[in-house]
Amino acid sequence: MSYNTDNIFAKILRGEIPCDKVYEDDYALAFNDISPQAPVHVLIIPKGAYISFDDFSSTASAEEMSGFYQAVQKVATQLGLQQNGYRVLSNMGADAHQEVPHYHLHLFAGCDLGRMVKAGLV
Ligand code: 5GP
């Protein structure tokens with residue numbers, strides 16, 4: 001599977017579609033999810049063209065990876081989430097219901113987030 005440059009997050013990165021920006025640096029862009037599932041629901045995406053967690057983790061440079069994950073922590077700090085905590089999640093592929101084929105992390109916070117996955121899976 002190759003990277004589809006028409007995906008919605010690629011368009012956001014190119015400025016073709018607006019976003020509610022939270023943070024940006026050389027490695028990452030963070031913006032509020034259009035359909036939030038928690039009081040805080042931010043999406044953090046790398047600037048490079050990576051399809052998924054799997055793609056990013058296996059092909060991005062060490063500089064891109066460290067820059068990206070440092071950006072995630074900066075977003076959490078900027079939003080003041082350290083004290084009460086937060087959840088970082090990435091959906092990868094079909095079973096995880098990944099909708100947008102540009103690697104992204106979801107940052108959830110702002111309340112008790114409950115269980116990690118739906119009950120009754122095992
Ligand atoms: P996934 O299922 O791929 O992990 O999550 C994709 C997320 O992107 C969903 O939570 C969805 O609400 C969000 N999303 C989809 N399209 C847009 C958009 O155009 N703008 C923003 N800000 N979020 C979007």
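**A walk across the sheet**

Let me begin in the middle, where strand E3 and strand E5, which covers residues 105-109, pair in the antiparallel sense over five bridges. If you look for one contact to hold on to here, take Val 42, whose bridge partner in E5 is Leu 107. I should say early on that what we are looking at is a predicted model.

Now let us step back to the whole sheet, which is open and has five strands in the order E1-E2-E3-E5-E4, with antiparallel pairing. Strand E1, at 21-24, and strand E4, at 87-89, stand at the edges with a single partner strand each, and therefore one side of each is left without a neighbour in the sheet. From one strand to the next, the twist averages 20°.

Starting from the E1 edge, three bridges join E1 to strand E2, residues 28-32, and these two run antiparallel; Glu 24, for instance, stands opposite Leu 29 in E2. Moving on, E2 and E3 pair in the antiparallel sense over five bridges, and there the bridge partner of Ala 28 is Pro 46 in E3.

That brings us back to E3, so how many of the residues of this strand, 40-46, are buried? Seven of the seven are, which means that E3 is largely enclosed by the rest of the structure. In a regular strand the side chains alternate between the two faces of the sheet. In E3, Val 40, Val 42, Ile 44 and Pro 46 point one way, while His 41, Leu 43 and Ile 45 point the other way, and all of them are buried.

Definitions and conventions
Residues numbered from 1 in each chain as written. Predicted model: local features only at pLDDT ≥ 70, side-chain atom pairs only at ≥ 80, totals over all residues. Heavy atoms only, no water. Pairing = 2+ DSSP bridges. Helix = DSSP H or I, 4+ residues; strand = E, 2+ residues; numbered from the N terminus. Axes fitted to C-alpha atoms, helices over the stretch in contact; angles between N-to-C directions. Buried < 20%, exposed > 50% of the residue type's maximum accessible area, 1.4 Å probe, protein only.
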